[in-house]
Amino acid sequence: MDNCIFCKIIKGEIPSKKFYEDDLMIIIADVNPRAKKHYLAIPKKHYKYFSEMTVGDAANLAKCISKIAELAPSLGLENGYRVIVNQGDDAVQTVPHLHIHLLGGQKLGIGGFTVDE
């Protein structure tokens, strides 16, 4: 997608601090962190919603999730982390490219992940 900020980051057109990259995804720091450690795991293939994924996309996303679990200690998430995927306007999905928020590095409160937190 030409105007997608995450696609531009993946292509190297916009600089970002990458913590991990492979052929399926990148993990970068969130520019507006909501926790001491806040990363975005971004699939390299562009799609906005789970409903847009093919069976192959779903299998690749499962591989990404497995890799996140493997990388958690090296990301400072060894004591646990929260996984959030926002889907659509009501969920405040601000970038139209599916991505996974990883929050941790501190004791997290109970409740939702909102713009006002």
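K45 is partly exposed, with a relative accessibility of 44%. This residue belongs to a predicted model, and its side chain takes part in a salt bridge with D57. The structure holds four salt bridges in total and zero disulfides. Its strands include five that form an open sheet with antiparallel pairing, and helix 2 lies across these strands. The points below take up each topic in turn.

**The salt bridge of K45 and D57**

- The closest N and O atoms of K45 and D57 are 3.0 Å apart.
- K45 lies in the loop between strand 3 and helix 2, whereas D57 lies in helix 2, so the salt bridge ties together parts that are 12 residues apart in sequence.
- D57 is buried, with a relative accessible area of 7%, while K45 counts as partly exposed.

**A network of salt bridges**

- K18, E21 and K44 are joined into one network by salt bridges that share partners.
- In the salt bridge between K18 and E21, the closest N and O atoms are 3.3 Å apart.
- The side chains of E21 and K44 also meet in a salt bridge, with an N to O distance of 2.9 Å.
- E21 is in strand 1 (residues 18–21) and K44 is in the loop between strand 3 (37–43) and helix 2, so this pair ties together parts that are 23 residues apart in sequence.
- Each member of the network is partly exposed: the relative accessible area is 34% for K18, 39% for E21 and 26% for K44.

**The sheet**

- Strands of a sheet pair through backbone hydrogen bonds, and the pairing may be either parallel or antiparallel.
- In this structure, the five strands of the open sheet follow the order 1-2-3-5-4, and their pairing is antiparallel.
- Strand 1 and strand 4 stand at the edges and have a single partner strand each, so one side of each is left without a neighbour in the sheet.
- On average, neighbouring strands of this sheet are turned by 20 degrees against each other, with direction ignored.

**Pairing of strands 1, 2 and 3**

- Strand 1 and strand 2 (residues 25–29) run antiparallel and are joined by three bridges.
- A hairpin of three residues connects strand 1 to strand 2.
- K18, which is a member of the salt-bridge network, stands opposite I28 in strand 2.
- Strand 2 and strand 3 also run antiparallel, and five bridges join them.
- I26 stands opposite I42 in strand 3.

**Helix 2 against the sheet**

- Helix 2 lies across strand 1, strand 2, strand 3, strand 4 and strand 5 (100–104).
- Helix 2 runs at about 45 degrees to strand 2.

**H38 in strand 3**

- H38 is found in strand 3 and counts as buried, with a relative accessibility of 5%.
- A polar atom of the H38 side chain lies 2.9 Å from the backbone nitrogen of R34.

**S74 in a loop**

- S74 is found in the loop between helix 2 (55–71) and strand 4 (81–84).
- S74 is exposed, because its relative accessible area of 61% is over the 50% cut-off.
- A polar atom of the S74 side chain lies 2.8 Å from the backbone oxygen of L71.
- S74 and A29 are 45 residues apart in sequence, and their C-alpha atoms are 14 Å apart in space.

**The cysteines C4 and C7**

- The structure has zero disulfides, and C4 accordingly is in no disulfide.
- The cysteine sulfur nearest to C4 is that of C7, at 3.7 Å.
- This distance is too far for a bond, because a disulfide requires the two sulfur atoms to be within 2.5 Å.
- Both cysteines are buried: C4 has a relative accessible area of 5%, and C7 has a relative accessible area of 6%.

Technical notes
Residues numbered from 1 in each chain as written. Predicted model: local features only at pLDDT ≥ 70, side-chain atom pairs only at ≥ 80, totals over all residues. Heavy atoms only, no water. Helix = DSSP H or I, 4+ residues; strand = E, 2+ residues; numbered from the N terminus. Buried < 20%, exposed > 50% of the residue type's maximum accessible area, 1.4 Å probe, protein only. Polar contact = N/O pair within 3.5 Å; in protein donor to acceptor, adjacent residues only side chain to side chain. Pairing = 2+ DSSP bridges. Axes fitted to C-alpha atoms, helices over the stretch in contact; angles between N-to-C directions. Contact = heavy atoms within 4.5 Å.
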